[in-house]
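Let us take a walk through this protein together, from charged pairs to pockets to domains. Have your viewer open, and follow along as each part comes up.

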Amino acid sequence: MGKIKLIGLDLDGTLLNDKKELSGRNRKAIERAAAQGVFIVPATGRPLVGLQTPVLSLPVKYALTANGAAVYKLTTKRRIYAAGIPREKALAILSMLQEYDVMEDCFMDGHGYGEKEKLLQSDLYAMPEVVRAYIKATRKQVENLSEYIRENDCMVEKITVNFKEKDGTLLWEKEIRERLSKEFPDCAVVKGVPTNLEITDEQATKGNAILKLGELLGISREEIMVCGDSQNDMEMIKAAGLGVAMGNAMPEVKKAADYITLSNEEDGVAAAIEKFVIGD
């Protein structure tokens, strides 16, 4: 591992606490690292528009969004890297999902879109309440996602699926995952939270995107540190020179990591930056 020059940070469950807040200790550690010339890069499953005030108030110049489907330069909001789902494939995936009683949405060109009827009935679907509130606040409503994609020249970055729940089981999840694997083998399917599935092109991983941004900035793999907690962080943790799992991370994420820090409720990001970057 070389001197760390870029830090990729997942947001939900990693940089932010369970209330979606940025702690003072995390902020201070990030600001100290940035003052040393380290690039701080949000690496999130959210679309560009989902980067809200706590994150944008940090010294950040680039953001990795939609699980790596798009990297943006924040000063201009220009996309500098993209790995979207081809339009016809996205339409085929949506057609398959419409056979089930699920709530699907699409990330396109930095925004999240959902069908009006299902967004109005979002309380019927299983998800953490903070996620439900975030979806209601950020999704643009359309009548029909497939029609919107056909009528507009936009890149589909990610498709997210939320499920109804019965007796602790997500209805249709197993069948949908199996069909996605069989019918769309060149797509990546991961969980951003325990209650959803997130679908991207197979090249759209946080790992590929963080390495591509490093290449554009002249930073090698060995000079990159990342922190994450969920399945959609796995490839990033494997790709970086130093992959850090949060104390609250999924077991498979911890297994893939080089180091396990404190939880997101205990300022685990700050602890990792202090240990490996600042040297406290």
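A salt bridge here is a side-chain nitrogen of Lys or Arg within 4 Å of a carboxyl oxygen of Asp or Glu. With that cut-off in hand, look at R132 and D123: their closest N and O atoms are 3.8 Å apart, so the pair counts as a salt bridge. Please keep in mind that what you are viewing is a predicted model.

Are the two partners of this bridge buried or exposed? R132 has a relative accessibility of 6% and is therefore buried, because the limit for buried is under 20%. D123, on the other hand, has a relative accessible area of 53% and is exposed. The bridge thus joins a buried arginine to an exposed aspartate. The pair also has company, for D123 and R132 belong to a network of salt bridges that also links E129 and K136.

How many salt bridges does the structure hold in total? The count comes to 25, and two further examples sit within helices. In helix α7, which spans residues 173-183, K174 and E178 are four residues apart, about one turn of the helix. Their closest N and O atoms are 2.7 Å apart, and the two form a salt bridge. K174 is exposed, at a relative accessible area of 61%, while E178 is partly exposed, at 46%.

Helix α8, residues 206-217, offers another case: K212 and E215 lie three residues apart, again about one turn of the helix. This salt bridge has its closest N and O atoms 3.6 Å apart. Here the lysine, K212, is partly exposed at 28% relative accessible area, and the glutamate, E215, is exposed at 56%.

Now step back to the domains. The domain assignment of the protein gives domain 1, made of 6-83 + 204-278, and domain 2, made of 87-201. Taken over C-alpha atoms, the centres of domain 1 and domain 2 are separated by 24 Å. Where the domains meet, 21 residues of domain 1 are in contact with 18 residues of domain 2.

That brings us to the pockets. The largest pocket holds about 250 Å³ of space. It is lined by 17 residues, and those closest to its centre are D12, G13, K20, V193 and D229. By type, the lining of the largest pocket consists of seven nonpolar, six polar and four charged residues. Which domains supply this lining? Domain 1 and domain 2 each give at least three residues to the lining of the largest pocket.

The second largest pocket has a volume of about 220 Å³. Its lining has 13 residues, with A188, V190, Q231, N232 and E235 nearest the centre. Two or more lining residues come from each of β12 (187-190), β13 (196-201) and α9 (234-239). Strand β12 gives the largest share of that lining, three residues. Sorted by type, the lining of the second largest pocket has five nonpolar, five polar and three charged residues. For the second largest pocket, too, domain 1 and domain 2 each supply at least three lining residues.

Technical notes
Residues are numbered from 1 along each chain as its sequence is written. This is a predicted model: local features need pLDDT of at least 70, side-chain atom pairs count only at pLDDT 80 or more; totals for chains, interfaces and linings use all residues. Side-chain values use heavy atoms; hydrogens and water are left out. On a 1 Å grid over the protein atoms alone, a cavity is a set of points where a 1.4 Å probe fits but cannot get out, and a pocket is an open set with protein on both sides within 12 Å along at least five of seven lines; lining residues have an atom within 4 Å of a point. Grid points are joined across faces, edges and corners, and a volume is the space filled by probe spheres set on the points. Ala, Val, Leu, Ile, Met, Phe, Trp, Tyr, Cys and Pro count as nonpolar, Asp, Glu, Lys and Arg as charged, and the others, Gly among them, as polar. Domain bounds come from an automatic or database domain assignment. Buried means under 20% relative accessible area, exposed over 50%, partly exposed in between (1.4 Å probe, protein chains only). Contact means heavy atoms within 4.5 Å.
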